[in-house]
Amino acid sequence: MPRLFPHTFLTVAMFLSVLASSPAFADSPHRHRSPCATRYPSDQTIEWECRTLQRGESLEKLFGEQWTDVARFNRIDRRHAVSGIAIKVPKSLDALAQFTPLPLFYEPAEEAEQFILIDLSEQFLGAYEFGALRFALPIASGNGGNETPTGEFRITAAHRSHQSCRYTVEGTDRPYPMNHALRFHINREGVSYWIHGRDLPGYPASHGCIGLYDEPMQKEQYGLPKDPELDDAKRLFEWVLGGEAEDDKVIPLSDGPRLQIVGEAPSWSSN
């Protein structure tokens, strides 16, 4: 084994210090891919162009009251929409007012009081009542080695303040919050899959669950955004239950809404 001299130790220490402070190792959204690198079938329905966010710019400053429409179109949250990230900007913001990549009427849900459709290729979830779309929400699904299962499921449990027993908040040992969680599948290994609140970085990024906007959780865990507004996980949770849960226990649902997951998570583009 070669002998290491004092100056060698110093060099190695400096090298590791540089690595630790680089974007690849830091707990920062800057290391994430830009939404422009992800392609959806519905991208063809609205004319848009890529725009790289500059220092000091934010969705609110650029788009005013329509910032939420732009965020949903990009499937991204404000914590990840930071300088250096390229987002899709429609040439007409008014075109986003009625944007949804899901069918307004879904025939397989026609007889169901509540029905959930998730299209992985679009990274969107739709809540249906007797076949009619009531609301649609952007998601972050699994991808790569952590695919979200597809097929027919049913919501079997709800938990207002669920936590991951496998994953932690970036840079901490705190269990990752899975607020307003709805369980839809347990695989053969006993791993549960839930729809729940999480980060939305603008591309498929979960370990198999379905993630929805939860800005209150992000403010609690990361300090951003200052004024939480997007809380889709809570909206879906209360729609399924018919209101907020009275306590923080896991609620079994013997006849929860049917759920269909279709499509395949989009791949990356280098353009």
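This report describes the nonpolar cores of a predicted model and then turns to some points of its backbone geometry.

In soluble globular proteins, nonpolar side chains tend to be buried together. In this model, the largest nonpolar core has 32 residues, and those with the most contacts inside it are Leu59, Phe63, Ile87, Phe115 and Tyr128. Two or more residues of this core come from each of the helices α2 (59-63) and α3 (67-74) and from each of the strands β2 (86-90), β3 (115-119) and β4 (124-129), and among these elements α3 gives the most, with 4 residues. Separate from this core is a second one of 26 residues, which includes Ile118, Ile139, Tyr193 and Phe237.

Most residues other than glycine have a negative phi, and most peptide bonds are trans. Against that background, Arg75 and Phe130 each have a positive phi, as set out below.

| Residue | Phi | Loop | Relative accessible area |
|---|---|---|---|
| Arg75 | near 55 degrees | between α3 and β2 | 1% |
| Phe130 | near 50 degrees | between β4 and β5 (132-138) | 48% |

Arg75 is counted as buried because its relative accessible area, 1%, is under the 20% cut-off. Phe130, by contrast, counts as partly exposed, because its 48% lies between the 20% and 50% limits.

The peptide bond from Leu224 to Pro225 is cis, with omega near 0 degrees, and Pro225 itself is found in the loop that lies between α4 (215-222) and α5 (232-241).

Technical notes:
Residues are numbered from 1 along each chain as its sequence is written. This is a predicted model: local features need pLDDT of at least 70, side-chain atom pairs count only at pLDDT 80 or more; totals for chains, interfaces and linings use all residues. Side-chain values use heavy atoms; hydrogens and water are left out. A nonpolar core is a set of buried Ala, Val, Leu, Ile, Met, Phe, Trp, Tyr and Cys residues joined through side-chain atoms within 4.5 Å. Buried means under 20% relative accessible area, exposed over 50%, partly exposed in between (1.4 Å probe, protein chains only).
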